[in-house]
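Hi,

Here is the structure I said I would pass on. Have a look at it first, and my notes on what turned up follow below.

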Amino acid sequence: MDRSLNLIAVTIRRAGATLLSVDCEIAPGEVLSVMGPSGSGKSTLLSFVTGTLAPAFDVDGSVLLHGEDITRLPAHCRRIGLLFQDALLFPHMSVGQNLAFGLAPGPERRRDRRARIEAALAEVGLEGFAERDPATLSGGQRARVALMRMLLSEPCALLLDEPFSGLDAERRNQIRRLVFDRARARSLPVLMVTHDAEDAAAAGGRVLRIGGEDCG
Amino acid sequence: MHRSVWGILPGALPLLTLMVMLGPVLLGLWWTLAPALGLLSEGLSLGPLRAALAWPGLREASLLSVTTGIGSTVIALAITALILAGWSGTRAFAVLQRLLSPLLALPHAAAAFGLAFLIAPSGWIARSLSPGVTGWDRPPDLLILQDPWGLTLIAGLVTKEVPFLLLMALAALPQTAPGRSRNVATALGYGRVTGFLKTVFPRLYVQIRLPVYVTLAYAMSTVDVAIILGPNTPPTLSVQIVRWMSDPDIGTRDLAAVAALLQLALVIAAILAWRLAERGVAFLGRRWIESGRRGSAEGAGRVAGYALGALSALALVAGIAGLAVWSVAGLWSFPSALPDGLTWRSWQRHGPPGLEAMGTTLAIAAIATAVALVLAIGCLETEERRGVRPSRAMWLLYLPLLVPQTAFLPGVQIGLLSAGLDTGFGPVVVAHLVFVLPYVFLSLAGPYRAWDARYSTVAATLGAASGRVLWRVRLPMLTRACLTAVAVGMAVSVGQYLPTLLAGGGRVATLTTEAVALASGGDRRAIGVWAILQTGAAFLPFALALGLPALLFRNRRGMQDG
């Protein structure tokens, strides 16, 4: 089965003016970095892929995930995970509840769900954090919880929106490695937008500079 | 399931909201017009008009409405501008703001009674100066309350309008970036007050223009405050309309309808005149700006602004204290500053009927506010999902607040009766909704639109449909804003006098209608009990709105100020 993420002849326009054109395929486990100056429409591209683009934009082209056209699917049915620069943990929920929100509902019992959440926390070195208030976590801890919350929702592809720019230099390396490792371990195609050349270098994949160039 | 329901609702909800707000206003205006033209009695005729014109007090009553309305609004706006100009951004300002904000919830009737207890010839001020300063050993025979010029009425309106305008202005102030303007003006050698008035105020005024018009329309047509503090022979036009409406002689309804149309015309004319005056002031203001004068009375302006703002806050607080003391006063002879003895007798006598009225009051407030909250969230969520920006239709929200209550509520009662429907609890709730909805919407819209939409995107990518995002993420995160909107809505409902009186046909007894009904009797102990209960009913929801989130989210630091 084809487990890649395909952007086919995608052109995004606003008020008649073309903002960007992209046509590329991202293989399972591959990271494609999209770079460009601010205002070049990097985040707009991500909104289009997640299905949260404002109606003010006109878009041609389609998004294929696992060979299936998801262009018209609502955002919550697309199975695309997203990480922002900020962890955006829901402030009214505990760390465990945040993870449970991501965990897809299944037939398993409450105790098994708890166990999966504990295991997810242990995987990123946060054993016993389930009852904690997210506001009491450090930046790096929050980023790790956000990553696991996203992975528990079992996405088929991963989008990263400047995901590491909110962290200090030391944590940045650590979290960057963690995210890329998990994505590769699950064979997820990853689309990352960033303005940091170091991010792109660490990703080790192709780099797409927007403003007309295609990846090839 | 959520999607399919929402599929039908988006078009319907904003429309339904508009109908709820504007329907009663438009129907009420129509049913005011019909009897005024004689259509309900003898067929199209000028009879009602001639009869109304023949009433000898008409000129004076109309004049009173205009002078008290415009006078109080001008003064309140001037005080607001001076406070902001002299003090915004300072610590002293934060103190004043914290003092004034809760006073916004104080019902107009309770505020008016409190003020009356303060400044009456036998009130606290006269007592504290007697007999030492004044030499009075009994209350002087002075017509302070209900003076024929409406000066006390103006004072009462100003004390309640200053907190309202100040909070409206504060909400709009950040958009004018006052800090930067102040720095530039200071660098150019302008003082604080002059700099603010020349650089920030013109932009600020544009933002608060609608609330100013609302204040003007309200002040010109208020009934409860005018019954308590306003003149009697003749009263203001609005009070006279209510007198005619409650006259057992059915023929006076037509008179009331004519007077209601006159009231509407007066308010429209006043707003148009205000608009023209804005141009005039703007013209003079531009010449003042171009003159480059740096202003001379800086210090005096600052002191006057702060003193007047603090005075209106203190008057309200002292007024409530006065009501509380009277409610437990035994014998209280003049000029003692405090009662000779304290007793629970007034509470024992008026407490039980008071609590019953409190139940009715809170039931009406809760139902009207719940409906308003659902409609407001529905509209805001629709706006969000369609990705539309807040539209210019926003001014429609202000329409029910701009049409004077006395212009369309008589029509609501006449219409209900003519259509064979009865007045009572249901119509009262609908009439309250007209006034509750705009305030609930205005209170909720800011936080709702300012909410970080990336949370919604994150939740959606985690597989949550839009309904789940709304219920599990957005509304819980906006708990505080929703509860504040509920508190605002309930305070507005608790304070309503005329909608309760007219849509209820005089048979729905709320704390406000009962308290105002006591105004003519002069039983200060009874007034104390009822006005304190009314104040309590308005403040209780605010206490809950502050306390509940603190309790619910005591372990969630990220929710402490959200």
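Before the first detail, one definition: two strands count as paired if DSSP finds at least two bridges between them. Keep in mind as well that this is a predicted model.

With that in hand, take the hairpin of S4(A) and S5(A). Two residues sit between its strands, and His66(A) takes a positive phi near 55° there. His66(A) is not a glycine, yet its phi is positive. You will find His66(A) in the loop between S4 and S5 of chain A. The two strands of the hairpin run antiparallel and are joined by two bridges, with Glu68(A) in S5(A) as the bridge partner of Leu65(A).

Chain A overall

Chain A has six helices and nine strands. Its radius of gyration is 17 Å, close to the 17 Å from the globule rule for 216 residues, so chain A is as compact as a globular protein of that length. Along the principal axes, its C-alpha atoms fill a box of roughly 50 × 40 × 35 Å.

The antiparallel sheet

The hairpin belongs to an open sheet of four strands in chain A, ordered S2-S1-S4-S5 with antiparallel pairing. Strand S2 (17-26) and S5 of chain A are its edge strands, each pairing on one side only. Further in, strand S1 (residues 5-14) and strand S4 (residues 57-65) of chain A run antiparallel and are joined by eight bridges. Two spots to click on if you want to follow the register: Ile12(A) has Val59(A) in S4(A) as its bridge partner, and Ile8(A) stands opposite Ser62(A) in S4(A). As a reminder for when you look at the side chains, in a regular strand they alternate between the two faces of the sheet.

The parallel sheet

What is the strand order in the open sheet of five strands in chain A? The order is S6-S7-S8-S3-S9, and the pairing is parallel. The edges are strand S6 (80-83) and strand S9 (207-209) of chain A, each of which pairs on one side only. From one strand to the next, the twist averages 20°. At the S6 end, S6(A) pairs with strand S7 (residues 157-161) of chain A in the parallel sense, over four bridges. Here Ile80(A) stands opposite Ala157(A) in S7(A).

Helices on the sheets

Helix H1 (residues 42-50) of chain A is worth a look, as it turns up in the notes for both sheets. On the parallel sheet, H1(A) lies across S3, S6, S7 and S8 of chain A and runs at about 150° to S7(A). On the antiparallel one, H1(A) lies across S1, S2 and S4 of chain A, running at about 120° to S1(A). Helix H5 (residues 169-185) of chain A also lies across S3, S6, S7 and S8 of chain A, and runs at about 160° to S7(A).

Chain B

On to the other chain. How many helices and strands does chain B have? The count comes to 23 helices and zero strands. For its 562 residues a compact globule would have a radius of gyration near 24 Å, and chain B agrees with that at 25 Å. The C-alpha trace of chain B spans about 75 × 65 × 55 Å along its principal axes.

The helix pair I looked at there is H5 (residues 108-119) and H7 (residues 151-172) of chain B, which pack at an angle of about 125° with their axes 10 Å apart. Angles of 65 to 115 degrees count as roughly perpendicular and those over 145 as roughly antiparallel, so H5(B) and H7(B) are oblique to each other. The crossing of H5(B) past H7(B) is right-handed. In the contact, His108(B), Ala111(B), Leu115(B) and Ile119(B) from H5(B) meet Thr152(B), Ala155(B), Gly156(B) and Lys160(B) from H7(B). By class, that contact has four nonpolar, three polar and one charged residues.

Finally, the cis peptides. The bond from Ser130(B) to Pro131(B) is cis, with omega near -5°, and Pro131(B) is in the loop between helix H6 (124-129) and H7 of chain B. A cis peptide bond also joins Thr233(B) and Pro234(B), where omega is about -5°. Pro234(B) lies in the loop between helix H10 (224-229) and helix H11 (237-245) of chain B.

Cheers

Notes. Residues numbered from 1 in each chain as written. Chains lettered and ligands numbered in written order. Predicted model: local features only at pLDDT ≥ 70, side-chain atom pairs only at ≥ 80, totals over all residues. Heavy atoms only, no water. Axes fitted to C-alpha atoms, helices over the stretch in contact; angles between N-to-C directions. Parallel < 35°, antiparallel > 145°, perpendicular 65-115°, else oblique. Left-handed = near helix turned anticlockwise from the far one by under 90°. Contact = heavy atoms within 4.5 Å. Nonpolar A, V, L, I, M, F, W, Y, C, P; charged D, E, K, R; others polar. Rg over C-alpha atoms; globule rule 2.2 N^0.38 Å.
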